[in-house]
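Thanks for making the time this morning. I have one structure to go through, and I will keep to what the coordinates give.

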Amino acid sequence: MRNVLAIANKELRSYFASPIAYIVIGVFALLYGWFFVAVLGFFVRQSMQMGQFGGGAQSMNVNQQLIRPLLQNVTILILFMLPAITMRTYSEEKRSGTIELLLTSPITDFQIVIGKFLGALALYAVMLGVSLIHLAILFVYGRPEWKPLLTAYVGLLLFGGCFISVGLFISTLTKNQVVSFMATFGVFLFLWVITWIGSTVPSIEGLVTYLSVIDHFDDFSKGVIDTAHVIYYLSFITFGLFLTAKSVDSERWRG
Amino acid sequence: MIEVQHLTKRYGRVTAVEDVDFKVERGEILGFLGPNGAGKTTTMRILTGFMPATEGKAIVAGFDVFDQPIEAKRRTGYLPETPPLYPDMTVVEYLDFVGKLKGLLPADRRQRVRAVMDRTRITDMADRLCSKLSKGYRQRVGLAQAIIHNPDVLILDEPTAGLDPKQIIETRELIKELSGDHTIILSTHILPEVSQTCDRVVIINKGRVVAVDTPENLTARLRGSETMYLQVDAAHADAPAVLGRLPGVTRVTESDRRDGLVGYEVESEKGHDVRRDLARAVVTSGWGLLELRPMRMSLEEIFLSLTTDETPTATEDGAPNA
């Protein structure tokens, strides 16, 4: 466990020692701020209209009509940000030869993979942390519920975890970070839009809806923690990490 | 301490290492000598558990590297060809990280980091980023990380490659110092290094071991006949004939002629010291004797003769696998 944390810690530090962490967090903060202002503006306009037509502000719900669409937008940002976080994890170690240090140390391949996963997840969590600042403002002026917010963030972490595990796997396949980024992005996007085809072909609709990473997030953003979705995400992550460890192992055999 | 049995590694159709067999005793420095691409790095990577072998067995510090990799790795320090440094860490941070990887406890770790920095003389560079180090220091930090967990076995892949002559000498000294506590395998393609640092040499070529012996024995064994170099002060037409008549001498050839000085190479039977007879013959003939010395076969020549195909000298004493 100690060496797993050592690797996680080293990963996190190396993100902050390079421009990656700052760029990822900076770009995220900017775009998220833009989304926030846009969604907030829309929400305010709508509630004013509601007031005029006598519906009363009562029917407007901050959680349902502001935070939920906002977090849906955040998932799109994540789609672009996460490949940048994972692209170098293994690629860089291979390029610089430090992989030889890791693989000849008294730790298992799986411990290395877990360490790297936790490191990337920590940076991702820091990135998500930025988005909480804006939400804090809502708590100052309004009265949103915090429980659905909490489940939404749990959902975001699990959702991002899936992408990180896939990204780790892809970065074991290449020394080239650009290749790593593009391939990871491609796979993410595919998992995203997989339902587009499924909805037109009834026989596979159930399957593709189940496979779509984003559909499982819906319930979390509504404030529901359904074990089916938790299990889906956790098995997705486990499978990704398993593939990563196997890929590292097969690299050893191929030399 | 290290035992390698019938080690074979194939990459697809290419065989990198074939049926390699050798042993290293505790405290010994074993030199791994061979041209580039001979299979040195592959063998070392198998020993460190970086990659598995296709066939065969490797036992390091009593643990099989395939069956008990964690135990074997805990007792092995490895310096790859390029020191595995993280550019964004300082030397201290890096060594501390490696200490954690190797499973050292916090209190012990701090003390070990200081000790290895002291030993490899990098204390001055403690707070410098690894990316800002010179080649010589990078190599030393690499050595420091290899010994941080005080391993029984040290495996060094070309530890002096790319260093300047002064650094090479320092690194060799350092390796010699370390040999007291550690069993060391080092690879090189620089020949003098082997004769200066190693107790024993394994010569490997095209993935096969062609000779295992001490540097001295290798030199001696490969000398099928003794050759003396003799220089006299003037050209004497009958000199080859006079020298050739001496007991034990098999052949006399003129090797060089310069400023009135003539050099001869005198070959004699093995184990027959003809130096006294040669000197006496020169003096009694009234020639001036300027030089008389045995011509040793240098390691370079041995190396070439062993790694060039089918040299009879290599098989003479039953060198393994030759």
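I will take the interface first, then the cores, then the salt bridges, and end with a few single sites.

One caveat before that: this is a predicted model, and local features are reported only where pLDDT is at least 70.

Start with the interface. On chain A, 26 residues are in contact with 30 residues of chain B. The two chains bury about 2600 Å² between them, and 62% of that is on carbon and sulfur atoms. Which residues of chain A lose the most area to chain B? They are Glu100(A), Leu101(A) and Pro106(A), which together make up 26% of what that side buries.

For the polar side of the interface, the count is eight residue pairs in polar contact between chain A and chain B, both residues at pLDDT 80 or more. As for where the chain A side comes from, helix 1 (2-17), helix 5 (99-103) and helix 11 (227-254) of chain A each supply at least two residues. Helix 1 of chain A gives the largest share, nine residues. Sorted by class, the chain A side holds ten nonpolar, nine polar and seven charged residues.

The rule also finds two salt bridges across this interface. One of the bridges in the model pairs Arg13(A) with Glu93(B), at 2.8 Å from N to O.

Next, the cores. As background, nonpolar side chains in soluble globular proteins tend to be buried together. Here the largest nonpolar core has 143 residues, and the members that touch the most others are Ile78(A), Phe22(B), Tyr94(B) and Leu95(B). Take Leu95(B) as the example. Beyond its neighbours within four places in sequence, Leu95(B) is in contact with Val113(B), Val116(B), Met117(B), Ile122(B), Val141(B), Ala144(B), Gln145(B) and Ile148(B). There is also a second, separate core of 17 residues, and its members include Val249(B), Val252(B), Tyr264(B) and Trp287(B).

Now the salt bridges. Over all chains, the search finds 25 of them. I will go through three.

The first is Glu93(A) with Lys10(A), at 2.6 Å from N to O. This pair links distant parts of the chain, since Glu93(A) is in helix 4 (residues 89-96) of chain A and Lys10(A) is in helix 1 of chain A, 83 residues apart. Are these two residues buried or exposed? Both Glu93(A) and Lys10(A) are buried.

The second is in chain B, where the closest N and O atoms of Glu55(B) and Arg10(B) are 3.3 Å apart. Glu55(B) sits in strand 4 (residues 55-60) of chain B and Arg10(B) in strand 1 (residues 2-11) of chain B, with their positions 45 residues apart in the sequence numbering. Glu55(B) has 40% relative accessibility, so it counts as partly exposed. Arg10(B) is partly exposed as well, at 34%.

The third is Arg251(B) with Glu267(B), with the closest N and O atoms 3.1 Å apart. Arg251(B) lies in strand 12 (residues 249-258) of chain B and Glu267(B) in strand 13 (residues 261-268) of chain B, so the bridge ties together parts that are 16 residues apart in sequence. Arg251(B) is partly exposed, with a relative accessible area of 47%. Why does Glu267(B) count as buried? Because its relative accessibility is 19%, and the cut-off for buried is under 20%.

Shared partners also produce a network: salt bridges join Lys10(A), Glu11(A), Glu93(A) and Lys116(A).

Last, the single sites. Thr86(A) is in helix 3 (residues 62-86) of chain A. Thr86(A) has a relative accessible area of 0%, so it is buried. Away from its sequence neighbours within four places, Thr86(A) is in contact with Ile164(A), Gly167(A), Leu168(A), Ser171(A) and Thr184(A).

In chain B, helix 1 (residues 40-47) is largely enclosed by the rest of the structure, because six of its eight residues are buried. Among them are Lys40(B), Thr42(B) and Met44(B). Just after that helix, Gly49(B) takes a positive phi of about 80°.

Finally, Thr8(B) is in strand 1 of chain B. Thr8(B) counts as buried, at 4% relative accessibility. Its side chain reaches the backbone nitrogen of Asp19(B) at 3.1 Å. Contacts of Thr8(B) beyond four places in sequence include Val17(B), Ala53(B) and Glu55(B), and Glu55(B) is the residue that bridges to Arg10(B).

Technical notes. Residues numbered from 1 in each chain as written. Chains lettered and ligands numbered in written order. Heavy atoms only, no water. Contact = heavy atoms within 4.5 Å. Buried area = accessible area lost by both parts, 1.4 Å probe. Salt bridge = Lys/Arg side-chain N within 4 Å of Asp/Glu carboxyl O. Polar contact = N/O pair within 3.5 Å; in protein donor to acceptor, adjacent residues only side chain to side chain. Helix = DSSP H or I, 4+ residues; strand = E, 2+ residues; numbered from the N terminus. Nonpolar A, V, L, I, M, F, W, Y, C, P; charged D, E, K, R; others polar. Core = buried A, V, L, I, M, F, W, Y, C linked by side-chain atoms within 4.5 Å. Buried < 20%, exposed > 50% of the residue type's maximum accessible area, 1.4 Å probe, protein only.
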